[in-house]
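Trainee: I should be grateful for a close look at a single part of this protein, set within its wider context.

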Amino acid sequence: MVTTTIEDLHADVLGCALRRLDGRSLAAASCATAALRALATDPDTWRALCLAEWPSLALPLPPAQQLAALPPQRLFADAHPFPTAAGAGGCGLLPLPVPAGELSLVSAVDVYYRGAPLLSRVVETPASSSWFLASPFRVEAVERKKPAPEAAAAAPFSPAELELSWVVVDPSRGRAVNVSSRRPVAVDRHWYTGETLARFAVVLGGCKFEATVACSDSEGAAGGHVVSEVTLAVEDADGAAVSGEGALRLLAAAMEAPRKGGAREPEEAKRRYLEFVKRKKGRKESKARREALVDLCCSAASAVVVLTCLAAVALR
């Protein structure tokens, strides 16, 4: 009786089969045998996996080509798992990744609807100028003045069913981190424009990275929407915008921190987001109470001064 194993298949057939696996299954297959490990660590296999996960990497743009040149296995290992809560824990202590004048960030942004790519963008952000370091951190993947034509031509969609991947890459170090929850942590309407805002957030180091997909009503299809803006900003626990320098330190720490995979990533992201919102609300209420107490003390001191003056005048 002849026993047939999977390794008896031709290497090309095995390679074709491995390219159909997701990242976790591919990594597990590489631990089975030495032959499978040699095939599973093939850069072309991981590059195909990255292109399938992030269509933005296939865009014919210099930043996308720069990302495609990075080791694909490292890029997938950095950008696919969910960053842990310990990431960026010491944002004020870490040095900047590279000397000033040499730093830039590349954002690979992909919006999906029901698992199918809806919109892809690659944005390069120079991060070495004093203006960037001192200003609030904000990256626009889709600007309001430059709407996304592919999203406008797409079929109607529901903002609550959108998914988002926002991968920030530091090309100088070849490291990356995904700063967006896969699914929205909140969906609401803008009080002024009436747009529907799908918010995707990751809490790192006590600060919130929030990517917002603004969807306006479509005129061509009843009940449909089009993407009008996609932005990323960072906010601290007091609700203040984090500067470019602070965001760089957070990103540098998050890129070095461990990752956390699993099917419960969306629930974990939303739980951390709700905890952040609750903590921010508590800090705001505590600040309001302190300010009210200070005002009361000032009013009491003023009253004492006035009464003292009146008493001095009356006793003359």
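Trainee: In which loop, and between which strands, does Arg-114 lie?

Mentor: The model is a predicted one, and the description below should be read as such. Arg-114 belongs to the loop that joins strand E2 (104-113) to strand E3 (116-126). Its backbone has a positive phi of about 55°, although the residue is not a glycine. Arg-114 counts as exposed because its relative accessibility is 60%, and the cut-off for that class is over 50%.

A residue within a strand offers a useful counterpart. Thr-212 is placed in strand E9 (residues 207-217). Thr-212 has a relative accessibility of 13% and therefore counts as buried, since that class requires a value under 20%. Beyond its neighbours within four places in sequence, Thr-212 touches two groups of residues: Leu-197, Ala-198 and Arg-199, together with Glu-229, Val-230 and Thr-231.

Among the helices, H9 (residues 244-256) may be considered next. With 13 residues at 1.5 Å a residue, this helix should span 18 Å, and its end C-alpha atoms lie 19 Å apart, so the two values agree. The expected figure follows because the rise is multiplied by one less than the number of residues. Helix H9 is mostly covered, with 10 of its 13 residues buried. Among these buried residues are Gly-244, Arg-249 and Met-255, as well as Leu-248, Leu-250 and Leu-251.

Helix H10 (residues 265-314) contains Val-306. At a relative accessible area of 47%, Val-306 is partly exposed. Together with Leu-307 and Leu-310, Val-306 forms a nonpolar patch on the surface, and the accessible area of these residues together is about 300 Å².

These parts sit within a protein chain of 10 helices and 11 strands. Of its 316 residues, 43% count as buried. The accessible surface of the chain is about 17000 Å², and carbon and sulfur atoms contribute 60% of that area. Of the contacts in the chain with a separation of 6 or more, 64% join residues 24 or more positions apart.

Finally, a word on confidence. The chain has an average pLDDT of 81, and 84% of the residues score at least 70. Over residues 87-100, however, the pLDDT is below 50, although this stretch has 25 contacts in the model beyond near neighbours in sequence. Where pLDDT is low, predicted coordinates should not be read in detail.

Note on methods:
Residues numbered from 1 in each chain as written. Predicted model: local features only at pLDDT ≥ 70, side-chain atom pairs only at ≥ 80, totals over all residues. Heavy atoms only, no water. Patch = residues over 30% accessible without salt bridge, like charges linked within 9 Å, V, L, I, M, F, W, Y side chains within 5 Å. Areas by Shrake-Rupley, 256 points an atom, 1.4 Å probe, with all protein chains shown as cover. Salt bridge = Lys/Arg side-chain N within 4 Å of Asp/Glu carboxyl O. Helix = DSSP H or I, 4+ residues; strand = E, 2+ residues; numbered from the N terminus. Buried < 20%, exposed > 50% of the residue type's maximum accessible area, 1.4 Å probe, protein only. pLDDT = per-residue confidence, 0-100. Contact = heavy atoms within 4.5 Å.
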